[in-house]
Structures are given as structure tokens and as C-alpha cells.
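Got the viewer open? Let's take a walk through this one, stop by stop.

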Amino acid sequence: MIAAFFWQLRQMAELSRVFTNKECKKQKVQLLAIAQESAKPSLGGSSGLTWKVKYLFEFSTDGINQYRGSLWMHGKKIQKIQWPIFPEPEWHEAPEAKGSVGGGCGGRSRGNCSSGGCK
């Protein structure tokens, strides 16, 4: 029974990740992370016993600022998603993680410094 509860939590985690990723694409924001905040046993679902789970997700509108939202599930069903107030992205697509952090030609930069300015 413990293994079945654990398996159900893993399935719910995967469903929440897929759903949140789709919702972030609709909002044109970048999903940064998703994590389970709380889980409580509950009645319902196909087996009679299930979980009420709250997930916390982080996203970015511009690749710099990050915001937090919440997602609630009961069993394998999404109950609600709560978004904070955030500025609308100023470009057509969600930001993608590319290149090195900080840019420039600092000591740890992976960029090519042949364009000048770095010695």
C-alpha cells in the first residue's frame, strides 16, 4: 500500500509538471522549477484513497526576474492554478536559457572574447 501511495505521488508530480509547462507556454513565460509544497492523504479518486497536493512553481517573464505560482491537485485532477501578478513578456516567445550567465569576458565566461575589449 505504501508503494502504491508513493507511485501515485510520482504520477501526480509528472502530471503537474506537464500541465504547468503547457500553462507557462500559453502565458509565454519560461518555467524554471516546480516542487511539491505539501501532500495530504484524502478520500476520492478511483481507488478511494488519494492525495491532495500543492505544488509551487517558479517562472520568468524576461530571463532575469522570477515569480512564484501555485497548483493544487486532488488525485490526478488539477483543482486550480494560481498566478501572481506579473508583467507581460515583451517578446513573442518565452525566454530560453542560452549562453553563460553574466556574459562579457569575465574569468569564468565561456563566450568568445575575440570580438575585442577583453585581454
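Helices here are DSSP runs of H or I, at least four residues long, and they are numbered from the N terminus. With that in hand, go to helix α1 and select Lys-26 and Glu-23: both sit in this helix, 3 residues apart, or about one turn. Keep in mind that you're looking at a predicted model.

Show the side chains of that pair and you'll find a salt bridge, 3.2 Å from N to O. Color by accessibility and the two partners part ways: Lys-26 is exposed at 62% relative accessible area, while Glu-23 is buried at 14%.

Stay in the helix, which covers residues 2-27, and pick Arg-17 and Glu-14, again about one helical turn from each other. Their closest N and O atoms are 2.5 Å apart, in another salt bridge. Arg-17 is partly exposed at 37%, and Glu-14 is partly exposed too, at 40%.

Now leave the helix and select Lys-54 and Glu-37. What joins them is a salt bridge with its closest N and O atoms 3.7 Å apart. This one links distant parts of the chain, from strand β2 (residues 48-60) to strand β1 (residues 30-44), across 17 residues. Lys-54 is partly exposed at 21%, and so is Glu-37, at 47%.

Time to zoom out. The whole structure has 4 salt bridges, including the ones just visited. Trace the chain from its start and you'll read α-β-β-β-β. Of its 119 residues, 27% are buried. The accessible surface is about 8,700 Å², with 53% belonging to carbon and sulfur atoms.

Technical notes: Residues numbered from 1 in each chain as written. Predicted model: local features only at pLDDT ≥ 70, side-chain atom pairs only at ≥ 80, totals over all residues. Heavy atoms only, no water. Helix = DSSP H or I, 4+ residues; strand = E, 2+ residues; numbered from the N terminus. Buried < 20%, exposed > 50% of the residue type's maximum accessible area, 1.4 Å probe, protein only. Areas by Shrake-Rupley, 256 points an atom, 1.4 Å probe, with all protein chains shown as cover.
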